[in-house]
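Visitor: I am new to this structure and would like a close look at one single part of it. Could you choose a strand and take me through its surroundings with care?

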Amino acid sequence: MIRRIIWKSEIRGEQTVKDNAVLEVKNIHKSFPGVRALQGVDFTLREGEIHALMGENGAGKSTLIKVLTGVYTKDEGEIFIKGKEKAVSIHSPQEAQKLGISTVYQEITLCPNLSVAENMYIGRESSALTNWKKMNADADKILKNLDIPAKATQQLASCSIAVQQMVAIARAVDMNCKVLILDEPTSSLDEQEVEKLFGLMRDLKSRGVGIVFVTHFLDQVYEVCDRITVLRDGKLVGEYEIKDLPRVQLVSKMLGKELDDLSDIKGESKVEASDDSVPVLEARGLYSNAGIKPFDFYIKKGEVNGFTGLLGSGRSECVRAIFGADKVLGGTVKKNGKEVKITSPLTAMKNGIAYLPEDRKRDGIVGDLSVKENIILAAQVLRGFFKPFSRAEKEKFAEEYIKLLDIKTASPETPIKSLSGGNQQKVILARWLLTHPEYLILDEPTRGIDVGTKVDIQKLVLKLAGEGMSVTFISSETDEMLRTCSRLIVMRDRKVVGELSGEDLTQNKIMSTIAGGEK
Amino acid sequence: MTTKERKRSGAADFFGSLLRKQIFIPIAALLLLAIFNLIADPSFYKITLGYNSAGDPVLSGYLMTILDYGSELAILAIGMTLVTAASGGQDISVGATIAISGSVILRVLCGTNSRPDTLQAPIIVAFLVACVAAMLCGAFNGILVAYFKIQPMVATLILFTAGRSIAAWINNNELPIISDPTFSYFGGFIPGIPIPTPFFIAAACVAVIMLVMKFTNLGLYTQAVGINENSSRLNGLNPAFIKFLTFVILGVCVAVAGLIKVSRLSSINYSVIAKDIEMDAILAVALGGNSLSGGKFNMTASILGAYVIQFLTTTLYKFNVQSDALSAYKAVVVIVLVVLSTPVVRDWFTATFKKIKAGAGRKEAA
């Protein structure tokens with residue numbers, strides 16, 4: 001029933017807009033060297049609404065927000081603000097604030113060692129800071145007004161994260177903001193704290209503030225928002241009323257796959273695991289300090305499986321828990337049927353697990369070291385402090401893997417940081433293959449690398465599985481997962497919500513499972 | 001194209017690759033100082049064979065002074081290089097911990113009497129106890145840096161401030177004097193050998209560290225941790241422990257330097273011993289072309305750097321620069337070094353050499 005009225009409402013929504021808009025953005029373009037981050041994006045925020053800005057990684061959400069808050073200057077396009085006749089140009093966050101656009105970021109940008117009131121008034125053209133009594137009284141009034149459980153004189157650090165976030169909002173509100181941008185404010189909050197924050201958001205909404213809400217939690221969007229604008233690859237996909245856009249549709253719009261015309265691209269050489277064998281690795285009720293709900297997991301010899309879900313759904317956190325990269329808080333892990341304790345990456349490596357991390361720059365490469373040293377690093381650590389490889393061995397390994405994976409480097413002595421992204425990734429892959437793991441975890445191995453290398457890596461995964469290695473493959477691109485994995489574990493909001501294999505491995509099925517709720 | 005142009009392009013290539021080599025920096029500084037001295041006063045290089053008060057043959061001259069005092073620095077530079085590489089910061093407490101370890105040596109050698117006629121314990125025992133004490137100091141710094149994640153300079157400020165008082169307290173603020181001549185060998189001369197002993201001690205330390213670097217993964221691990229801690233952890237390393245370890249190794253270096261220092265006087269002056277030596281040790285690391293923010297390092301360059309610093313100090317002394325003014329001159333060196341090693345200047349050099357090469361290449365084509 002809901003689906004039937006989608007198209008009508010899209011048209012209607014388009015027309016009832018403009019009169020009460022507080023912020024209107026038209027045809028915004030923004031490019032960075034090599035990337036067109038925003039291409040002709042329109043966005044309208046009305047008085048007294050909570051408007052979700054949705055999109056996958058690289059869709060252009062943060063660029064749009066940074067343009068609105070003056071961090072970036074737009075290349076093209078117009079920004080209109082209620083009360084201003086002409087289009088405004090915003091060159092700095094200060095200007096944005098003067099125009100009534102305030103932003104609260106995911107990371108709290110206040111000063112934890114100052115008092116709540118000081119944080120609310122610091123850096124503003126106000127005599128409040130010199131008149132402590134008045135400042136504290138004013139702050140208390142605002143806090144009370146917004147029902148925020150904090151005292152003006154309290155040190156900010158002594159408040160919970162949620163309250164700190166609320167203080168940041170209170171600061172924004174007191175600047176007479178008309179537009180409040182909340183960039184993933186809930187990612188470090190627990191459920192009750194999120195509820196409190198939503199209460200405050202609804203309150204502000206009833207006072208006529210327009211709120212832009214960026215989040216990757218679908219449930220939260222449907223709980224608190226009125227409208228959704230979806231971006232994809234720097235372009236506007238559309239603006240929708242919340243009741244007209246069921247979750248499945250939202251997910252499909254974010255991923256850019258229309259539900260019905262999706263062809264099923266199943267890999268031909270995909271490896272199916274033998275059913276009767278004992279899993280190479282089995283986890284029960286595993287969870288870590290990275291905020292994932294306990295999950296069960298297994299992988300068999302020669303199997304390729306994967307974790308799928310939207311960005312931030314907890315895919316990486318699951319494999320990091322398996323590898324001991326985050327602090328494991330509970331659960332049991334069995335290796336070939338025997339219980340093992342994995343408390344650190346080293347213990348995982350000793351148990352034959354290898355992990356290629358998601359963020360290559362931050363967690364993968366050791367930038368200043370040579371390609372050769374980067375290749376041998378993990379194997380060397382496994383071998384031990386007092387048993388360094390000889391020079392000849394190192395060179396042999398480096399040459400072998402540079403050839404095997406076709407790594408394009410001037411020489412094995414070249415610092416890895418001067419290689420291209422794809423070749424860096426191959427070096428990290430070589431590093432782990434050199435440890436001869438039984439179980440290889442690849443977290444976004446193809447992100448940010450050229451198409452040719454992507455295909456190379458997918459082929460390699462299938463080949464390794466054919467040789468009996470178990471592989472977990474995580475990718476934001478569902479096509480890739482469908483091509484390589486024989487079983488997918490679906491995650492939503494840091495929980496495992498389903499498992500798909502065989503016939504169920506289709507785009508449609510994946511999307512509906514990611515979206516959950518309505519089918 | 002003329003041969004002159006070909007030569008120029010070849011020279012640009014040569015200097016370009018030489019400039020990128022880390023060891024170039026201390027060698028260039030050394031050459032600069034050597035040439036300066038040669039022009040200003042060649043007698044700087046005069047070495048004379050004489051006899052010391054004990055009647056043993058000794059070589060003396062400015063070069064010997066450099067060899068002698070540069071050796072202390074070289075030993076410290078070994079540890080400082082490792083600490084810098086792993087933690088991206090420096091230990092400024094080495095002067096104070098030298099006072100502590102020196103004081104421990106004297107305390108063990110003297111026992112309860114501050115002016116004993118005979119040694120109360122073998123020197124090796126005293127040295128080993130001092131090693132333990134200096135390693136404990138290193139461990140203290142290491143724990144603060146590695147596990148409590150305090151900035152190295154701030155963490156080591158504690159012992160920098162307190163070290164000399166602790167050293168005085170170890171000997172009840174007395175000034176013990178060792179009369180046994182064998183104890184003076186370590187900072188002076190072994191009878192019959194005209195070359196200062198510290199040089200041999202430093203050579204032994206260098207040999208040990210080179211062997212350690214060859215037969216363990218100390219070099220790889222410290223560099224990996226210094227460059228990318230996250231990545232190191234995911235490769236099975238324990239970054240905190242490795243940082244801790246480098247501070248303990250520096251502790252051993254401090255104990256050796258402490259032995260040389262107290263042996264020179266056969267006594268100790270708590271407030272003066274090894275004063276400001278930490279700055280010279282850090283300078284040696286920097287002069288070796290190593291980044292003070294950690295990561296890749298070149299041990300040979302650091303050690304060479306230590307001797308270059310001593311070369312500079314001795315040169316300044318020779319020209320009658322007051323010891324109070326020394327630091328100002330050294331500061332100039334630091335400024336030049338730090339500026340030269342910034343990416344801005346390096347890029348400029350690379351670009352300039354490319355241009356020269358391109359210019360020569362164009363002429364060649366024409």
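Guide: What follows is a walk around one strand of chain A, with a few words afterwards on the domains of that chain. Please keep in mind throughout that this is a predicted model. The strand to look at is strand 3 of chain A, which spans residues 50-54 and is mostly covered, since five of its five residues are buried. If you turn the strand in your view, you will find that both of its faces are covered, with A:Ile50, A:Ala52 and A:Met54 buried on one side, and A:His51 and A:Leu53 buried on the other. Strand 3 of chain A is joined by four bridges to strand 7 of chain A, residues 210-214, and these two strands run parallel. Strand 3 of chain A is also joined to strand 8 of chain A, residues 227-232, by four bridges, and this pair likewise runs parallel. A:Leu53 is a helpful residue on which to rest the eye: in strand 7 of chain A it stands opposite A:Val214, while in strand 8 of chain A its bridge partner is A:Thr229.

Elsewhere in the chain, the domain assignment divides chain A into domain 1, made of 259-352, 438-448 and 461-519, and domain 2, made of 358-436. The centres of domain 1 and domain 2 of chain A, taken over C-alpha atoms, are separated by 25 Å, and eight residues of domain 1 of chain A are in contact with eight residues of domain 2 of chain A. On the side of domain 1 of chain A that touches domain 2 of chain A, helix 11 (345-350) and strand 16 (439-443) of chain A each supply at least two residues.

Key
Residues numbered from 1 in each chain as written. Chains lettered and ligands numbered in written order. Predicted model: local features only at pLDDT ≥ 70, side-chain atom pairs only at ≥ 80, totals over all residues. Buried ≥ 20, exposed ≤ 12 C-beta atoms within 10 Å, placed from the backbone. Pairing = 2+ DSSP bridges. Domains from an automatic or database assignment. Contact = placed C-beta atoms within 7 Å.
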